[in-house]
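Reader: I would like to go through a protein model step by step. Please show it to me before we start.

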Amino acid sequence: SLLPFFGELGDVVFAPVEGFALKALFGGTGIAALGFVEEALPFSDALPTATSGWVLQTLFPESPLSNLLGIDPPWDLNKQAAQPTGRSAGSGSDTRSSETSGSSGNSGSNGGRNSGSGTG
């Protein structure tokens with residue numbers, strides 16, 4: 001009879017953690033508050049709050065329920081829709097320049113291998 005009590009006590013302790021995690025994942029205070037309350041209430045563990053938030057964010061980002069809970073669209077679609085090409089091209093060139101600088105570091109490693117080859 002004590003085991004259910006300890007499980008529910010753990011849920012009350014875990015409630016703030018779930019609230020912060022939901023806020024970080026979905027950006028909405030509504031979904032965070034719902035998760036906090038759901039976790040703090042006894043015997044309500046069967047409600048999949050994070051899964052529901054993911055479904056709303058991914059499949060129904062423009063739904064009234066998503067807006068009510070304050071769930072941000074995935075990857076902030078509204079901002080990226082305005083400039084996806086320019087941002088992608090910039091990050092691609094940055095990646096190439098970092099690869100180039102990495103390969104120049106590798107040429108130093110090749111110099112080490114060359115000196116090792118000369119001794120062997």
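Author: The questions below go from the whole chain to single residues, and the model is a predicted one.

Reader: How many helices and how many strands does the protein have?

Author: Read along the sequence, the elements follow the pattern α-α-α-α-α-α. Every symbol in that pattern is an α. The secondary structure therefore comes to six helices and zero strands.

Reader: What share of the residues is buried?

Author: A residue counts as buried when its relative accessible area is under 20%. The protein has 120 residues to which this cut-off applies. The buried share is 21%.

Reader: Which residues make up the largest nonpolar core?

Author: In soluble globular proteins, nonpolar side chains tend to be buried together. In this model the largest such core has seven residues. Helix H1 (2-26) and helix H2 (29-40) are the elements that give two or more residues to this core. The members are Leu22, Phe26, Ile31, Ala32, Leu56, Leu69 and Ile71.

Reader: Which residues is Leu69 in contact with, leaving aside its neighbours within four places in sequence?

Author: Leu69 is itself a member of the largest nonpolar core. Two of its contacts, Ile31 and Leu56, also belong to that core. The full set is Gly28, Thr29, Gly30, Ile31 and Leu56.

Reader: Where do the buried residues of H3 fall, seen down the axis of the helix?

Author: Helix H3 covers residues 49-59, and its buried residues are Thr49, Gly53, Leu56 and Gln57. Seen down the axis, they fall within an arc of 95 degrees, so they line one face of the helix. An α-helix has 3.6 residues a turn, so residues three or four places apart point the same way. The place asked for is one face of H3.

Reader: Is Trp54 buried, partly exposed or exposed?

Author: Trp54 is in helix H3. Not counting residues up to four places away in sequence, Trp54 touches Phe26 and Leu59. Its relative accessibility is 46%, and the class between 20% and 50% is called partly exposed. Trp54 is therefore partly exposed.

Reader: How far apart in space are Trp54 and Leu22, C-alpha to C-alpha?

Author: Along the sequence, Trp54 and Leu22 are 32 residues apart. Leu22 is one of the residues in the largest nonpolar core. In space, the C-alpha distance from Trp54 to Leu22 is 9.9 Å.

Reader: Which residues form a nonpolar patch on the surface?

Author: The patch has about 260 Å² of accessible area in total. One of its members, Leu41, is in the loop between H2 and H3 and is partly exposed, with a relative accessible area of 44%. The patch is formed by Phe36, Val37 and Leu41.

Reader: Is Pro74 buried or exposed?

Author: Pro74 lies in the loop between helix H4 (64-69) and helix H5 (77-82). Not counting residues up to four places away in sequence, Pro74 touches Gln57, Thr58 and Pro61. Its relative accessible area is 7%, and the cut-off is 20%, so Pro74 is buried.

Reader: What is the separation of the C-alpha atoms of Gly7 and Phe43?

Author: Gly7 is found in helix H1 and is partly exposed, with a relative accessible area of 37%. Along the chain, Gly7 and Phe43 are 36 residues apart. Their C-alpha atoms are separated by 9.4 Å.

Methods
Residues are numbered from 1 along each chain as its sequence is written. This is a predicted model: local features need pLDDT of at least 70, side-chain atom pairs count only at pLDDT 80 or more; totals for chains, interfaces and linings use all residues. Side-chain values use heavy atoms; hydrogens and water are left out. A nonpolar core is a set of buried Ala, Val, Leu, Ile, Met, Phe, Trp, Tyr and Cys residues joined through side-chain atoms within 4.5 Å. Buried means under 20% relative accessible area, exposed over 50%, partly exposed in between (1.4 Å probe, protein chains only). Helices (H or I, at least four residues) and strands (E, at least two) are DSSP runs, numbered from the N terminus. Contact means heavy atoms within 4.5 Å. The arc is that of the directions from the helix axis to the C-beta atoms. Patches are made of residues with over 30% relative accessible area and no salt bridge: like charges are joined within 9 Å, nonpolar side chains (Val, Leu, Ile, Met, Phe, Trp, Tyr) within 5 Å. Accessible areas come from the Shrake-Rupley method with a 1.4 Å probe; for residues, only the protein chains shown count as cover. A salt bridge is a side-chain nitrogen of Lys or Arg within 4 Å of a carboxyl oxygen of Asp or Glu.
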